[in-house]
Amino acid sequence: MVNKRNFSALLCARKKHFDADTAALGFEKELWESANILRGNLPSSEYKSVVLGLIFLKYINDSFNKKYQELVAEKMGFEEDADEYIGEGIFFVPEEARWKNIKEKTYDPEIGLVIDNAMRAIERENDRLKNILFKNYARPELDKRRLGEV
């Protein structure tokens with residue numbers, strides 16, 4: 001499970017790949033709105049894990065996608081080579097865990113399972129993340145409609 005210490009350490013380690021313009025996009029506002037969407041359904045002690053996990057998932061997807069586009073532009077065929085990412089301190093994101101694929105299933109009643117499987121796939125491809133990521137999005141008490149809205 002992602003706890004505050006692990007999450008902070010992972011973000012700090014990836015800081016050089018973070019797009020500085022993201023701060024200007026109202027990141028804090030989006031975070032607050034995401035937490036508010038889930039708030040009616042979960043106690044704050046639980047929704048922070050849900051929201052932080054989703055933020056981390058989006059963050060590593062953004063870092064991955066930036067490098068992916070660079071590799072595609074090079075036209076050498078290395079865009080699916082995990083070593084190209086890991087060598088630069090970027091987590092490799094397998095196809096089933098990519099944000100575009102998750103986003104396509106936003107309103108699917110199985111969105112929780114989709115996100116849990118994405119987290120498992122990321123852990124499988126990145127040894128440093130084994131048994132760290134929150135993977136309890138499919139639990140019954142988590143409103144899947146609200147989860148999709150986040």
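Reader: I would like to start from a single residue: is Phe134 buried or exposed, and what is its relative accessible area?

Author: A residue is called buried when its relative accessible area is under 20%. In this model, which is predicted, Phe134 has a relative accessible area of 7%, so Phe134 is buried. Tyr137 can be read in the same manner, and with a relative accessible area of 0% Tyr137 is buried too.

Reader: How many of the 150 residues of the protein, as a percentage, count as buried?

Author: The buried share comes to 39% of the 150 residues. The accessible surface, for its part, amounts to about 8900 Å² for the protein, and carbon and sulfur atoms account for 53% of that surface.

Reader: Which helices and strands make up the secondary structure of the protein?

Author: The protein has seven helices and zero strands, and a reading along the sequence therefore gives the pattern α-α-α-α-α-α-α. To see how the chain comes together, one can look at contacts between residues at least 6 apart in sequence, and here 63% of those contacts join residues at least 24 apart.

Reader: Which residues have the most contacts inside the largest nonpolar core?

Author: The largest nonpolar core holds 29 residues, and those with the most contacts inside it are Ile60, Tyr85, Ile102, Ile115, Ile122 and Tyr137. Helices α3 (44-74), α4 (82-86) and α6 (111-125) each provide at least two residues of this core, and the most come from α3, which gives nine.

Reader: How many aromatic pairs are there, and how far apart are the centres of the rings of Phe64 and Phe92?

Author: The count comes to six aromatic pairs. For Phe64 and Phe92 the ring centres are 5.5 Å apart and the planes stand at 85 degrees; planes over 60 degrees apart count as edge-to-face, so this pair is edge-to-face. Because Phe64 belongs to helix α3 while Phe92 sits in the loop between α4 and α5 (99-104), the pair ties together parts that are 28 residues apart in sequence. Both rings belong to buried residues, since Phe64 has a relative accessibility of 2% and Phe92 one of 5%. Returning to the residue we began with, the rings of Phe134 and Tyr137 have centres 5.0 Å apart and planes at 90 degrees, so that pair is edge-to-face as well. Ring pairs also link Phe64, Tyr68, Tyr85 and Phe92 into a cluster.

Reader: Where is Asn126 found, and is Asn126 buried or exposed?

Author: Asn126 is in the loop between α6 and α7 (144-149), and its relative accessible area of 3% means that Asn126 is buried. For a polar side chain in such a place, one can ask what its polar atoms meet, and here a polar atom of the Asn126 side chain lies 2.8 Å from the backbone oxygen of Ile122. Leaving aside residues up to four places away in sequence, Asn126 touches Ile86, Phe91 and Phe92.

Reader: What, by contrast, is the relative accessible area of Gln69, and in which helix does Gln69 lie?

Author: Gln69 lies in helix α3, and its relative accessible area is 42%, which falls between the limits of 20% and 50%, so Gln69 is partly exposed. Gln69 and Glu79 are 10 residues apart along the chain, and their C-alpha atoms are separated by 7.9 Å.

Notes
Residues numbered from 1 in each chain as written. Predicted model: local features only at pLDDT ≥ 70, side-chain atom pairs only at ≥ 80, totals over all residues. Heavy atoms only, no water. Core = buried A, V, L, I, M, F, W, Y, C linked by side-chain atoms within 4.5 Å. Buried < 20%, exposed > 50% of the residue type's maximum accessible area, 1.4 Å probe, protein only. Helix = DSSP H or I, 4+ residues; strand = E, 2+ residues; numbered from the N terminus. Polar contact = N/O pair within 3.5 Å; in protein donor to acceptor, adjacent residues only side chain to side chain. Contact = heavy atoms within 4.5 Å. Areas by Shrake-Rupley, 256 points an atom, 1.4 Å probe, with all protein chains shown as cover. Phe/Tyr/Trp six-rings, centres within 6.5 Å; stacked < 30°, edge-to-face > 60°.
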